Amino acid sequence: MNVSLFNPGLYWRPLGGNNIDQISGHCYQYTCVHQALKKTSIIIDLGKFDNHQALGIKNSVAAVPDIKNLLTDESLNLKAIFITHSHPDHLNGIVHYIRAGYKLPTIYGGKYTKMILDNLYEYYQIGKILRPTFVVINDGDCFKFGKMKIEAISASHTSFDCFGFIISDGETTVYHTGDMKVDQTTYFRKPTNLKRIAELADSINYAVADFCGIDNDGFAFREADVLKCLVKIIKKSQKKKIFFPVYPTHADMYILSFLAALKLRKNVIFFGNEDFYDYLKQMNRYGIDFAKMAKGKIKLLYAPSPEMDELGDDYMVIGVFNDVGNIFNANSKDSFALITAKTFFNPLKGQMNARNIKFVTVKEYPILQGAGHGFVEDWNKIAAILPNATFIPTHCPCFVAESFRPLADFLGIKLINPIPKNNYLYKLEKNQYTLLSKQPAVWLVAKDDLALAEVWQKATSGIGFLKRTFSRRRTVQKFEMMLCKRRK
Ligand SMILES: [Zn+2]
């Protein structure tokens, strides 16, 4: 990339998270080239690629975006890694670089992100001396590296302390949204700071935007509405035992299901795998005190136990489980389940079917999985706030972003052209952008011997995942329908 950086200006390159199929393993490089051609670089996020097995390396444990040159080429002057939030596809690359012996610059992220990272360090037995400095950031914090200025902007997502960043070299300004929706009803978290974004609107030229939910019409589900809906569904079921499996990394659903139970005066039994209890512990340490919230109105158990008998079979089981077995003596007369993920809880569905227990899924109620990513109207709203901004899609297969283009044109959302793939290099100027290079990306595959093996990105390596999630024809149709609706 170095060869292309001979003119002053701001350069942007997605290193992971941006391809036809590799839409996890987020990592984005921003490099500012100063007048005297001195450079300053930062990266935003250093995630792991969920589908690393598809890269075909034996004994792989993870795959991470390739930031080797940023870590070794001193002229690039990598000053910081900013982390948008605590999810593995944005955070977990850090430990694999440290394990492989690399020294990372200072990391900036939220308090909860630091807690999850510290937990990862413990898990991978990374000693304190090897851990990079971590600076805890808050909404509105500003940082300066050479001519590059970075401001943290809070973001509504499914975890705590989620951020976007405003990045400026004094000429060009980018709003890097991080994973987010515009919802202002998030529980126990700061919502997206629309006020600050509006204040900065005139100067913002680009929005590097989370298009993960772009193929959904309307606004992303508001958490207040999710809660209302949960209460309604559970009431309607008229069952005493409610099974509510939650996706392990999505703190919002732990909270919303608990609040629904509280509202319905239903006792709660937390029940899950190690991962679940780990996250629950972190949430507690972070300050989400479920026992305090219960205020004696409902009873709270942290595992199935003989005390269950005292709950009169009137309880909600919240957790990560695919096996209710005989523990809860669930039967069709007294039990009901709400299945909150597309495929993750498939074995549980099987169990419920075998026992004739009724359940609802995200198929009938998409709202059940909550939403951390903006839908079409979220981005339409951000585009209305940012009239000068060109949108750069991330977190989304390229063909999905490309299929969105006719609707984007109709709505007046300016989309970059072409949609960036991993390792495309752009120069971003106030009034124009230039695609400078289209080298294919490299992934570094971590193996159990700690080494990082280089693998060229293949267009097919995520196909299995994609087929389950997106169909090209259906995506195009969906956008056509949205456009049709608006033309009427
Ligand atoms: Zn996320």
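This is a short talk through the domains, one sheet and one helix of a predicted model.

Hi everyone, let's start with the overall layout. The protein chain is divided into two parts: domain 1, covering 2–219 + 371–487, and domain 2, covering 223–369. Their centres, taken over C-alpha atoms, lie 32 Å apart. Where they meet, 15 residues from domain 1 and 14 residues from domain 2 make up the contact. Which helix gives the most to the domain 1 side of that contact? That would be H4, with four residues. Please keep H4 in mind, as we'll meet it again.

Now, on to the sheet. Here we have an open sheet of eight strands with mixed pairing, and if you follow along on screen, the order is S7-S6-S5-S3-S2-S1-S21-S22. Which strands stand at the edges? They are S7 (134–136) and S22 (433–437). Each has a single partner strand, so one side of each is left without a neighbour in the sheet. On average, neighbouring strands are turned by 25 degrees against each other, direction ignored.

Let's zoom in on one pair. Strand S3, residues 39–44, pairs with strand S5, residues 78–82, in the parallel sense, over four bridges. If you'd like a spot to click on, try Ile43, which stands opposite Ile81 in S5.

And here is H4 again, residues 111–123. This helix packs on the sheet, touching strand S6 (106–109) and S7. The direction of H4 makes about 150 degrees with that of S7. So this is a helix with two roles in our tour: H4 packs on the sheet, and H4 also gives four residues to the side of domain 1 that touches domain 2.

Last stop, helix H6, residues 223–237. H6 has 15 residues and reaches 21 Å from its first C-alpha to its last, close to the 21 Å expected at 1.5 Å a residue. Which residues of H6 are buried? The list is Glu223, Val226, Leu230 and Ile234. Why do they end up on the same side of H6? Because they cover an arc of only 60 degrees around the axis. That fits a general rule: an α-helix has 3.6 residues a turn, so residues three or four places apart point the same way.

What covers those buried residues includes strand S13 (241–245) and helix H7 (251–263). Turn to the other side of H6 and you find Lys232, Lys235 and Lys236, which are exposed. Just after H6 comes Gln238, with a positive phi of about 55 degrees.

That's the tour, thanks for listening!

Technical notes. Residues are numbered from 1 along each chain as its sequence is written. This is a predicted model: local features need pLDDT of at least 70, side-chain atom pairs count only at pLDDT 80 or more; totals for chains, interfaces and linings use all residues. The expected span of a helix is 1.5 Å times one less than its number of residues. A residue is buried if 20 or more other C-beta atoms lie within 10 Å of its own, exposed if 12 or fewer, and partly exposed in between; C-beta atoms are placed from the backbone. The arc is that of the directions from the helix axis to the C-beta atoms. Two residues are in contact if their C-beta atoms, placed from the backbone, lie within 7 Å. Two strands pair if DSSP finds at least two bridges between them. Axes are lines fitted to C-alpha atoms, for helices over the stretch in contact, and angles run from 0 to 180 degrees between N-to-C directions. Domain bounds come from an automatic or database domain assignment.
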